[in-house]
Amino acid sequence: MNPRDLIPRTPVGRAIILAVLASGGIGYGVARFTAPSTSEVAGSAADGRKVLYWYDPMVPQERYDNPESLSSMGMKTQPKYADENGASGGPPGVTVDPAARQNLGIRLATVESGSIASDLTVTGAIDFNQRNVAVIQARANGFVQRVYNRAPGDVIGAGAPLADFLVPEWGGAQAEYRAVQRTGDKALIAASRQRLRLLGAPGTGGNGTTTIRSPIAGVIQTLDVRRGMTLSAGQSLAQVSGLGTVWLNAAVPEAQSAGIRVGRPVRVELTAFPGENVFGRVIAILPTAQAESRTLTVRIELPNRGGRLRPGMFATVHLAGDPGGGLLVPSEAVIRTGKRDLVMIAVAGGRYRPVEVKVGREGGGKTQILAGLAEGQKVVASGQFLLDSEASLSGIEASPLGGQPMTLKGERR
């Protein structure tokens, strides 16, 4: 008999046959998908929890339709329940089996109050103290009679002679004073002495010759005087930079400069003197940032006993900043996405969910939390990236700083 002869000729009969076949096929497929093959699946059916799919927490993006599957990493899959995302009324989050939690190395840390040591180590170079500079000028028109074998770069003491200077006008006024003094007229003597003072003469005696000396000890920066030169009033002869104290200009990254304050103590290590420390203080933070390196210049004043600190020397600078207090978490717990900062927190029911936080300074393995967490909460310090990836795949959005639900369409954490 031809099988086609068994198919009814009428449309109603054909519809009945197709419905029977379809219902049989669907029942067979459902039976194959839900048939318990392991004790784990049987337990899931007994407690009434619905299994969405099976997966490996190590590769949460892979999903399988039966408990016997192995992931691409060769690991046995585990069930993903429908109520793990908070559908059963609990808080939303990712649930991890206790055995898998140990395998994934999930470690929790407590949010606690504390302070972060904000000591900062940067580099810098020694420079002259620009506030301790002497500029030596001629007080009147005259001639250089003698020089004292000095040159730029020489280190001299206070009062060291630089040149002998002859001022004819001073010689005439000094001779006039001596003549007036012999008259005994007090008024004339006083007037003659005042004239010498106004001319800039160093005294009442002499014949108009004076020795130009350095008023401070230091290094000769410029020396523009030679024997036989004709000088005019106000002409610069030399410039001397003092060495009693020196400046250390340290380059501080602008992102770490907020805690630096004028007057703060500083510890300095110099390459020229290994094992020795020099202590100074911050005297200024220059107002201009270096555009190329994005750094600020912090000026530090250092004592220079014996003149050992020489401009140009390289130094390592240890700056003490303001201690930052507040809530602290391990730095490894913070997930930095580039757009925002997240942490995974542990919530009721053994679940984990992402929370957006605002971070502050960082140091000593701790990160300051300015907003988003409360003291005593538990955060995931190890394994948080896998949990965040699973939360993202499951559609669990991070709690925003404002506390309102957030949906970031198209964003990938």
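**Cores, sheets and turns in a predicted model**

In this predicted model, Leu 162 touches Ile 136, Val 147, Tyr 148, Arg 150, Ile 156, Ile 212, Arg 213, Ser 214, Ile 220 and Ala 238, when residues up to four places away in sequence are not counted. Leu 162 is also among the residues with the most contacts inside the largest nonpolar core, which has 26 residues, and it shares this position with Ile 136, Ile 156, Phe 165, Trp 170, Ile 220 and Leu 231. At least two residues of this core are supplied by each of β11 (161–166), α4 (168–183), α5 (186–199), β13 (218–223) and β15 (236–242), and the largest share, four residues, comes from α4. Apart from this core lies another, of 22 residues, which includes Val 122, Val 298, Ile 300 and Leu 319. In soluble globular proteins, nonpolar side chains tend to be buried together.

The protein chain as a whole contains six helices and 26 strands, and buried residues account for 38% of its 413 residues. Of the contacts in the protein chain between residues at least 6 apart in sequence, 70% join residues at least 24 apart. The accessible surface of the protein chain comes to about 22,700 Å², and 54% of that surface belongs to carbon and sulfur atoms.

Helix α4 can be described in further detail. For its 16 residues a span of 22 Å is expected at 1.5 Å a residue, and the end C-alpha atoms lie 24 Å apart, which agrees with that expectation. The buried residues of α4 are Trp 170, Gly 171, Ala 173, Gln 174, Tyr 177 and Val 180, and these buried residues pack against α5 and β12 (209–213). Pro 168 also lies in helix α4, but with a relative accessible area of 48% Pro 168 counts as partly exposed, because the partly exposed class runs between 20% and 50%. Although Pro 168 and Gly 142 are 26 residues apart in sequence, their C-alpha atoms are 6.7 Å apart in space; once neighbours within four places in sequence are left aside, Pro 168 is in contact with Asn 141, Gly 142 and Phe 143. After α4 comes Gly 184, which has a positive phi near 80°.

Phe 143, one of the contacts of Pro 168, stands opposite Leu 166 in β11. Strands β9 and β11 run antiparallel and are joined by four bridges. An open sheet of four strands has the order β12-β11-β9-β14, with antiparallel pairing, and its edge strands, β12 and β14 (230–231), each pair on one side only. Asn 149 is placed in the loop between β9 (142–147) and β10 (155–156), and its phi is near 55°, a positive value in a residue other than glycine. Most residues other than glycine have a negative phi. With a relative accessible area of 73%, Asn 149 is exposed.

A second arrangement of strands is a closed barrel of six, which runs β7-β16-β19-β18-β17-β20 with antiparallel pairing; neighbouring strands of this sheet are turned by 40° against each other on average, with direction ignored. Within the barrel, strand β16 (residues 245–253) pairs with strand β19 (residues 295–303) in the antiparallel sense over nine bridges. Asn 249 stands opposite Arg 299 in β19, and Val 246 stands opposite Leu 302 in the β19 strand. Strand β19 is mostly covered, with seven of its nine residues buried.

The pairing of β19 with β18 is likewise in the antiparallel sense and extends over six bridges. Ile 285 has as its bridge partner in β19 the residue Val 298, and Val 298 is among the residues of the 22-residue core. Strands β18 and β19 form a hairpin with four residues between them, and Arg 294 in the turn has a positive phi of about 50° although it is not a glycine. The position of Arg 294 is in the loop between β18 (277–290) and β19, and at 40% relative accessibility Arg 294 counts as partly exposed.

How values were computed:
Residues are numbered from 1 along each chain as its sequence is written. Side-chain values use heavy atoms; hydrogens and water are left out. A nonpolar core is a set of buried Ala, Val, Leu, Ile, Met, Phe, Trp, Tyr and Cys residues joined through side-chain atoms within 4.5 Å. Buried means under 20% relative accessible area, exposed over 50%, partly exposed in between (1.4 Å probe, protein chains only). Contact means heavy atoms within 4.5 Å. Two strands pair if DSSP finds at least two bridges between them. Axes are lines fitted to C-alpha atoms, for helices over the stretch in contact, and angles run from 0 to 180 degrees between N-to-C directions. The expected span of a helix is 1.5 Å times one less than its number of residues. Accessible areas come from the Shrake-Rupley method with a 1.4 Å probe; for residues, only the protein chains shown count as cover.
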